[in-house]
Amino acid sequence: MKGIPLRIEIGPRDVSSRSVVISRRDIPGKQGKVFGISMEPSFLVDYIKEKLNEVQSSLLSAATSFRDSNFVDVSSYDELKEAILQGKWARGPWSASDEEELRVKEETGATIRCFPFEQPEGPHTCLMTENPADEVAIFAISY
């Protein structure tokens, strides 16, 4: 039930009254249920489209908020280790080698998850080697 955005429930009374119950994934309990929605296709299709758009916006907003609250900007290896220890995602300048990345993985369990498309402007210093860094990497533990 958690994998679907909307659930349409039809019981014997609903069939006799030609209505359905719509339950939203993103709003648990009775607050997420709407009773007495008409089974008429012209009404039901438009209603479901509208609710799917609302669910998409709600889930995207929650995911974006969660992501943004779990990023920690780091500028040193010690800060990276501390962020990972707290279960956060560490974002910091990176120009180190594969060997240094392996060291990060062995010591923290984190790996580079990505290099964001949008990179900050200006000069940066690699959090590992203190050499100039052109890119920022995001480190996290894979679950």
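**Helix α3 and two residues with positive phi**

In this predicted model, residue R18 lies in the loop that joins α1 (12-17) to β2 (19-24). R18 is not a glycine, yet its phi is positive, at about 55 degrees. Its relative accessibility is 46%, and R18 therefore counts as partly exposed, since the exposed class begins over 50%.

A positive phi also occurs at E130, again a residue other than glycine, with a value near 65 degrees. E130 is placed in the loop between β7 (124-125) and β8 (132-133). With a relative accessibility of 65%, E130 counts as exposed.

Residues 77-143 are covered by the UniProt annotation "domain: Proline-tRNA ligase class II C-terminal", which comes from an unreviewed entry. Over this range the chain is 30% helix and 30% strand. The C-alpha atoms at the two ends of the range are 22 Å apart.

Helix α3 spans residues 77-85, and its buried residues are Y77, L80, A83 and I84. Viewed down the axis of α3, these buried residues fall within an arc of 120 degrees, so they line one face of the helix. The spacing can be related to the general geometry of a helix: an α-helix has 3.6 residues a turn, so residues three or four places apart point the same way. On the other side of α3, D78 and L85 are exposed.

The buried residues of α3 pack against several elements, namely β4 (71-73), β5 (89-94), α4 (98-108) and β9 (135-140). Just after α3, G87 adopts a positive phi of about 80 degrees.

The packing of α3 with α4 was examined further. The axes of the two helices, α3 and α4, are 11 Å apart, and the helices pack at an angle of about 40 degrees. That angle makes α3 oblique to α4, because angles under 35 degrees would count as roughly parallel and those from 65 to 115 as roughly perpendicular. The crossing of α3 and α4 is right-handed. On the α3 side, the contact involves Y77, L80, K81 and I84. These residues meet R103, V104, E107 and T108 of α4. Y77, L80 and I84 are among the buried residues of α3 and also take part in the contact with α4.

How values were computed. Residues are numbered from 1 along each chain as its sequence is written. This is a predicted model: local features need pLDDT of at least 70, side-chain atom pairs count only at pLDDT 80 or more; totals for chains, interfaces and linings use all residues. Side-chain values use heavy atoms; hydrogens and water are left out. UniProt positions are given in the numbering used here, feature names are shortened, and annotations may be inferred rather than shown by experiment. Helices (H or I, at least four residues) and strands (E, at least two) are DSSP runs, numbered from the N terminus. Buried means under 20% relative accessible area, exposed over 50%, partly exposed in between (1.4 Å probe, protein chains only). The arc is that of the directions from the helix axis to the C-beta atoms. Contact means heavy atoms within 4.5 Å. Axes are lines fitted to C-alpha atoms, for helices over the stretch in contact, and angles run from 0 to 180 degrees between N-to-C directions. Angles under 35 degrees count as roughly parallel, over 145 as roughly antiparallel, 65 to 115 as roughly perpendicular and the rest as oblique. A crossing is left-handed if the near helix is turned anticlockwise from the far one by less than a right angle, and right-handed if clockwise.
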